[in-house]
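This report describes a protein in complex with RNA. It treats the surface near the nucleic acid, then the strand pairing, and then one helical residue.

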Amino acid sequence: MSTARTFCGTPRAGDAGRTMTVFGWVDRRRDHGGLIFIDLRDHTGTLQVVIDPQTARGLGNAHEVRLEWVLRVDGELRARAPQNVNPKRETGEVELHAAACAVLSAAKTPPFPVNEDSEVEEQLRLRHRYLDLRRPRLQRNLRTRAAFCIELRRALTGLGFVEIETPQMIRATPEGARDYLVPSRLFPGSFYALPQSPQLYKQLCMVAGFDRYFQLAHCMRDEDLRADRQPEFTQLDIEMSFVDEEDVFAALEQVIPAAWNACDFRGSPLPVPFPRVTWKDAMGRYGTDKPDTRFALELTDITATVRHSGFRVFADAVARGAIVKAICVPGGGDLSRADIEGRLTDIARDAKAKGLAHLWKRAGGWEGPIAKFFTAEELDGIGAATGANTGDCVLMVADTPDTVAAALGALRNHLGAARGLYDRDRVDMIWVTEFPMFTRSAETGEVTPAHHPFTMINADDVGKLESDPLAVRSRAYDIVVNGREVGSGSIRITDPDIQRRVFAAIGIDGEAARRKFGFLLEAFEYGVPPHGGWAGGIDRMLMEGLAEENIRDVIAFPKNQQAQEPMTDAPAPVDEAQLRELGLTLPPSRRNESAQPKPPFSERR
RNA sequence: GGCCCCGUGGUGUAGCCUGGCCUAACACGCCACCCUGUCAAGGUGGAGAUCGUCGGUUCGAAUCCGAUCGGGGUCGCCA
């Protein structure tokens, strides 16, 4: 088809009189009997094609044309009569009078509307993803995704970053998420793993002298899915040599806005530099390490105020070492006792809090079932600490610092969304810094790295590595957008002594370290530059930019919640011969499943 | 693995709480015919659903109960 092609969305009044050829899908048809209008669609928009008796010779079958048929139309573009102009349409001043119309492909009636973004059951959309992708919203999302990525590449390349591909089949590491494994044919019983991230390879690139690396890296993690989590996703991965945090921040504050602003996300540029909050402040003020800073509703500590109060629940808890914190809901006077003791208390309890106390500040003074337990001074103190005004409601939780943060943080997020405390088009992209180096695992009680074990620690805390590891701050940092973590990074350890002591803190001795990460440690013995980097979820950034609530809507061919792909029915059993070649045998209980593939989606419902 | 929500023609919904006027409604789509200026075209007529599945309660179940399957959200999990 070497014919010069005109895109459907492009002709304007000034093009009237031109003879042109357009290709596209039938978006709508309006058949008046003797006169037929067809709106032909491609990715640029739609163009009205007119088939009338004067020009319709040879187009006698035009009445049979249906939605989603693929047509080629040759004709003359004409200006519409003034009364026929459609101002709602980009191409509304013109129309193409068909001289010839070729059906390149007929189409079955689609299983759901393609010419509009109506709600459709997601499984059906995924089953016919090619039709879903043909619809306007996903066309926009994926084209924007491509634009975003090309701008990232442009900006990074302009800053001297080198794009390097790292392997997709690598050695499994037991740490972190569950690996997807790939069996080796030549070494039966041995497996590759698909990368959870290119972490170690990019550090090796630093050793290799590629002092500014980047990659739009595919990462695979076999964990349960969420609205913002797919088993296979894409990270903007960068690493830089001879840098500290400020250099990494500066690079990303240049690169991300360059791409973001080129996409005109939500109509406004990203504020630069990104505001910073330390992990400690984030936990204290917002109750989470990924705060949504679009609204205030901050946590305030009222432990001292209620320590000796007559409200025994608080006083006794504080005596046992608990803290008490509060959030003040502006205008929360409209929260009923049923609201608070129902939905809001459920949220607090889900976060392990034992309960949720509340006080209303009314015109006549403090009210609520527990108001009577506090002195006037204590109530004034709570009011002063929380900044409560008449008409507000103060919600309080007494517990361990972690539980208080989790409960009030969850309430804060809930109330922020439910009460519309922020502009929905606002985007807050912030740094969270100074994460703790280690956390204590809830179930095993073991000390584990909060980020990963190659993260450098704060120089001031080196002395605490053995004596008080949980107090050691790391040089790790996250980027958080509207309360969603989109990426994290750190300055890495290049000092063998520090690395050894960090491993020791998490129970990895020299022998284990050599076994697991020997290639990295050995590489570091040959001249390693100080380095650090960052990796961020492209999909999540696009979600925020495009205001999409689900990661699947920014990915061309995503998996469903069971990590299946309904279009191809992956994963699927394989032939016995394939297994044999790989030296694999399924346990008898699984053989039947293997021998009898699941019925295809169409038969499964 | 836990918890929550959803499942009704091709699509999206109503009906369900309070069982019987449901022989299941509406919009879009689909089919046929009419129609030369529409653009969410219009008009007339039509086809299309054993209400996810199985079981129970009942004289009677889309509706109540139980189980199960499928989808989504979430907690755990995601160094």
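## Surface near the RNA

Strand S1 makes the greatest contribution to the surface near RNA strand B, supplying four residues. The model under discussion is predicted. S1 spans residues 19-31, and it is joined in this role by strand S2 (36-42), strand S5 and helix H1 (122-127), each of the four elements supplying at least two residues of that surface.

In total, 53 residues surround RNA strand B, and the closest are Asn84, Glu95, Glu121, Asp224 and His451. Sorted by class, the surface comprises 21 charged, 19 polar and 13 nonpolar residues.

## Contacts with phosphate, sugar and base

Which parts of RNA strand B account for its atoms within 4 Å of the protein? Sugar or phosphate accounts for 54% of these atoms, and bases account for the rest.

Individual atom pairs illustrate each part of the nucleic acid. At the phosphate, an oxygen of RNA strand B is 2.5 Å from a polar backbone atom of Glu121; Glu121 is also listed among the closest residues to the RNA. At a sugar or linking oxygen of RNA strand B, the partner is a backbone N or O atom of Gly176, at 3.3 Å. At the base, an N or O atom in the side chain of Arg226 lies 2.7 Å from a base oxygen of RNA strand B.

## Pairing around strand S5

Strand S5, one of the elements that supply the surface near RNA strand B, covers residues 94-105 and pairs in parallel with strand S3 (residues 45-51) through two bridges. Within this pairing, Val49 has Leu96 of S5 as its bridge partner.

Strand S5 also pairs with strand S4 (residues 70-79), here in antiparallel orientation and through 10 bridges. In S5, His97 is the residue that stands opposite Glu76. In a regular strand, side chains point alternately to the two faces of the sheet.

## Gln199 in helix H4

Gln199 belongs to helix H4, which covers residues 199-207. Is Gln199 buried or exposed? Gln199 is buried, because its relative accessible area of 13% falls under the 20% cut-off.

The side chain of Gln199 makes a polar contact, at 2.9 Å, with the side chain of Gln203. Which residues does Gln199 contact when its neighbours within four places in sequence are left aside? The residues in contact with Gln199 are then His452 and Arg492.

How values were computed:
Residues numbered from 1 in each chain as written. Chains lettered and ligands numbered in written order. Predicted model: local features only at pLDDT ≥ 70, side-chain atom pairs only at ≥ 80, totals over all residues. Heavy atoms only, no water. Pairing = 2+ DSSP bridges. Buried < 20%, exposed > 50% of the residue type's maximum accessible area, 1.4 Å probe, protein only. Polar contact = N/O pair within 3.5 Å; in protein donor to acceptor, adjacent residues only side chain to side chain. Contact = heavy atoms within 4.5 Å. Near = heavy atom within 4 Å. Nonpolar A, V, L, I, M, F, W, Y, C, P; charged D, E, K, R; others polar.
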